[in-house]
Every structure is written in C-alpha cells, then in structure tokens.
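This briefing sets out the main structural features of the protein shown below, grouped by topic. Please read the points alongside the sequence and the model.

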Amino acid sequence: MELYEVLEKRRTYRDFSDREVSDEILKRVIGATFKAPTNDHLRQLEFVVVRERENIAKVIAPLAKNMAAFEKLVAEVDESDDKDKMAMFADALPKQQKMLMESGLLIIPFFRQLTWPLLKPVEQSSLNYFASAWCALENMLLAATNEGLGTVFHIPVSDEAEQIKKIVRAPEGYEFLCLLTMGYPAENAFLPKQKVINAEERIHLNMW
C-alpha cells in the first residue's frame with residue numbers, strides 16, 4: 001500500500017479469524033520497529049511472542065480480576081454523549097480478554113528503562129525511553145496494516161504489568177508497553193467509526 005493508504009486503513013480490531021500469522025510476516029512486522037527513532041539511538045527493544053491460546057491464557061491470567069473495574073468505565077463514557085465513542089466502548093469492554101486470545105498470537109514489546117523508574121519520572125525527559133518505545137510500536141501497527149492484519153492492544157492496569165513480567169520471566173530493568181495481539185480480522189469484525197478531523201482547524205501559526 002501507499003503510506004497514506006496504510007494510515008487510513010489502520011484500525012483497531014477486536015474480532016479475529018482462525019487464520020494463523022506466519023513467522024515470516026511476524027518478523028517483518030517486528031522488524032519495522034527498529035526503523036523508528038529511539039532515545040540515545042539504542043533501539044533496546046525485545047519481544048516476547050506467545051502463540052496458541054493455552055499459552056496466552058496463562059500470560060493474561062492477571063487481567064481477570066480487573067474486568068469488573070472496566071465495566072465502571074461504561075458509565076463514565078456514557079456521560080460524554082459521544083455515540084461513536086460509546087459504541088466503541090460497548091464493543092471493547094466485554095472483549096478485553098477474548099480479543100487477546102482469538103488470533104492465537106500475543107506480542108509483548110519490552111524496552112530498557114535505563115534511568116528513572118517508569119512510573120516515577122523526575123522530569124519530562126525521564127520518559128524518553130517510553131516515548132521511543134511507543135514510536136516503535138506505531139511502526140509495528142502500520143506494518144501490520146500493510147500486511148492486511150488487524151491489531152489491538154491492552155495497556156496494563158493495577159498490578160498486571162508486574163505479574164505478567166514475572167510470568168514471562170522478564171529481566172530486571174525492562175518494562176513493557178502493552179499486550180498486543182494481531183491477526184486477520186473476522187468477516188463480521190466490529191469496526192469503530194473513524195472520527196474525521198480537519199487538520200487545518202488544529203494548526204496554530206506561530207502561537208496559539
């Protein structure tokens with residue numbers, strides 16, 4: 001695809017078919033992360049790839065106790081009076097675990113946190129490694145789109161991150177961004193409505 005076509009087609013999917021993502025495609029998608037800009041030019045990214053639903057279930061077990069907390073978000077979203085946003089949350093909330101298992105492929109992107117603890121930054125620049133890792137993840141999302149794949153991620157809450165790091169035996173000094181699944185979308189996959197934003201209205205010349 002052309003670049004702007006990829007950007008247009010990048011979507012969050014939560015419904016996947018049983019079609020397996022090949023190792024060759026997986027390597028290309030992960031390889032795209034190393035083309036992103038990174039702090040200190042280090043590119044210290046590592047990936048835990050989990051295949052098969054039985055193995056994925058073990059990794060995401062810590063999510064189960066937090067599902068009730070997600071339900072409370074529905075009321076908060078409802079107050080926004082945004083029908084498109086509400087439709088997205090209505091689809092997403094019940095699928096937080098299911099969506100991570102359906103494709104049979106779970107990726108956990110890790111990065112070295114060399115300075116301050118991730119959740120205790122001293123200043124904005126303390127988040128440089130975290131920001132770089134998200135730039136790399138965006139490359140992965142776009143590469144997956146180019147391969148005809150759908151993606152969705154779950155950002156850990158509460159103590160999920162620490163528990164999952166123990167389950168996959170991550171070394172000290174590494175943090176992960178999210179639990180990312182990718183796969184071929186199901187034929188009846190729910191597709192959230194994309195908001196149309198006029199970029200020109202968001203541009204402020206010289207000052208706000």
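A residue is termed buried when its relative accessible area is under 20%, exposed when it is over 50%, and partly exposed in between. In this predicted model, buried residues account for 39% of the 208 residues in the protein chain. The chain contains eight helices and five strands, which follow one another along the sequence in the pattern α-α-β-α-α-α-α-β-α-β-α-β-β.

**Helix α2**

- Helix α2 spans residues 23-31, and I25, L26, V29 and I30 are buried within this helix.
- These four buried residues lie on the same side of α2, because they cover an arc of only 130 degrees around the axis.
- The face of α2 turned away from the buried side carries the exposed residues E24 and K27.

**Aromatic pairs and a charge over a ring**

- Five aromatic pairs are present in the structure.
- The pair of F130 and W134 is edge-to-face, because the ring centres are 6.4 Å apart and the planes stand at 90 degrees.
- Both F130 and W134 belong to helix α7, where they are four residues apart, about one turn of the helix.
- F130 has a relative accessible area of 26%, so this residue is partly exposed.
- W134 is likewise partly exposed, because its relative accessibility is 25%.
- F130 and W134 join F111 and F153 in one aromatic cluster.
- Elsewhere, R19 is placed over the face of Y184, at 3.7 Å from the ring centre.

**The largest pocket**

- The volume of the largest pocket is about 360 Å³.
- Its lining consists of 17 residues, and those nearest the pocket centre are L118, L119, P156, A161 and E175.
- Two or more lining residues come from each of α7 (128-146), α8 (160-167) and β4 (174-176).
- Helix α8 contributes the most to this lining, with three residues.
- By class, the pocket lining comprises twelve nonpolar residues, one polar residue and four charged residues.

**The largest cavity**

- The model has one cavity of 30 Å³ or more.
- The largest cavity encloses about 100 Å³ of space.
- Its lining is formed by T38, N39, L42, R43, Q44, L45, F111, R112, Y129, S132, A133 and A136.
- At least two of the lining residues are supplied by β2 (105-112), and at least two by α7.
- Helix α7 provides the largest share of the cavity lining, four residues.
- The cavity lining divides into six nonpolar, four polar and two charged residues.
- F111 appears both in this lining and in the aromatic cluster that includes F130 and W134.

**S132 and N39**

- S132 is located in helix α7.
- The relative accessibility of S132 is 12%, so this residue counts as buried.
- S132 and N39 are 93 residues apart in sequence, yet their C-alpha atoms are 5.9 Å apart in space.
- Both S132 and N39 belong to the lining of the largest cavity.

**Positive phi angles outside glycine**

- R169 has a positive phi of about 60 degrees, although this residue is not a glycine.
- The position of R169 is in the loop between α8 and β4, and these two elements each give two or more residues to the lining of the largest pocket.
- R169 counts as exposed because its relative accessible area is 77%.
- N206, also a residue other than glycine, has a positive phi near 70 degrees.
- N206 is found in the segment after β5 (179-183).
- N206 is exposed, since its relative accessible area is 77%.

**Helix α7 across the topics**

- Helix α7 holds the edge-to-face partners F130 and W134 and also the buried residue S132.
- This helix gives two or more residues to the lining of the largest pocket and supplies four residues to the lining of the largest cavity.

Terms used: Residues are numbered from 1 along each chain as its sequence is written. This is a predicted model: local features need pLDDT of at least 70, side-chain atom pairs count only at pLDDT 80 or more; totals for chains, interfaces and linings use all residues. Side-chain values use heavy atoms; hydrogens and water are left out. On a 1 Å grid over the protein atoms alone, a cavity is a set of points where a 1.4 Å probe fits but cannot get out, and a pocket is an open set with protein on both sides within 12 Å along at least five of seven lines; lining residues have an atom within 4 Å of a point. Grid points are joined across faces, edges and corners, and a volume is the space filled by probe spheres set on the points. Ala, Val, Leu, Ile, Met, Phe, Trp, Tyr, Cys and Pro count as nonpolar, Asp, Glu, Lys and Arg as charged, and the others, Gly among them, as polar. Rings of Phe, Tyr and Trp (its six-membered ring) pair if their centres lie within 6.5 Å; planes under 30 degrees apart count as stacked, over 60 as edge-to-face and the rest as tilted. Buried means under 20% relative accessible area, exposed over 50%, partly exposed in between (1.4 Å probe, protein chains only). A charge sits over a ring if NZ of Lys or CZ of Arg is within 6 Å of the ring centre and within 35 degrees of the ring normal. The arc is that of the directions from the helix axis to the C-beta atoms.
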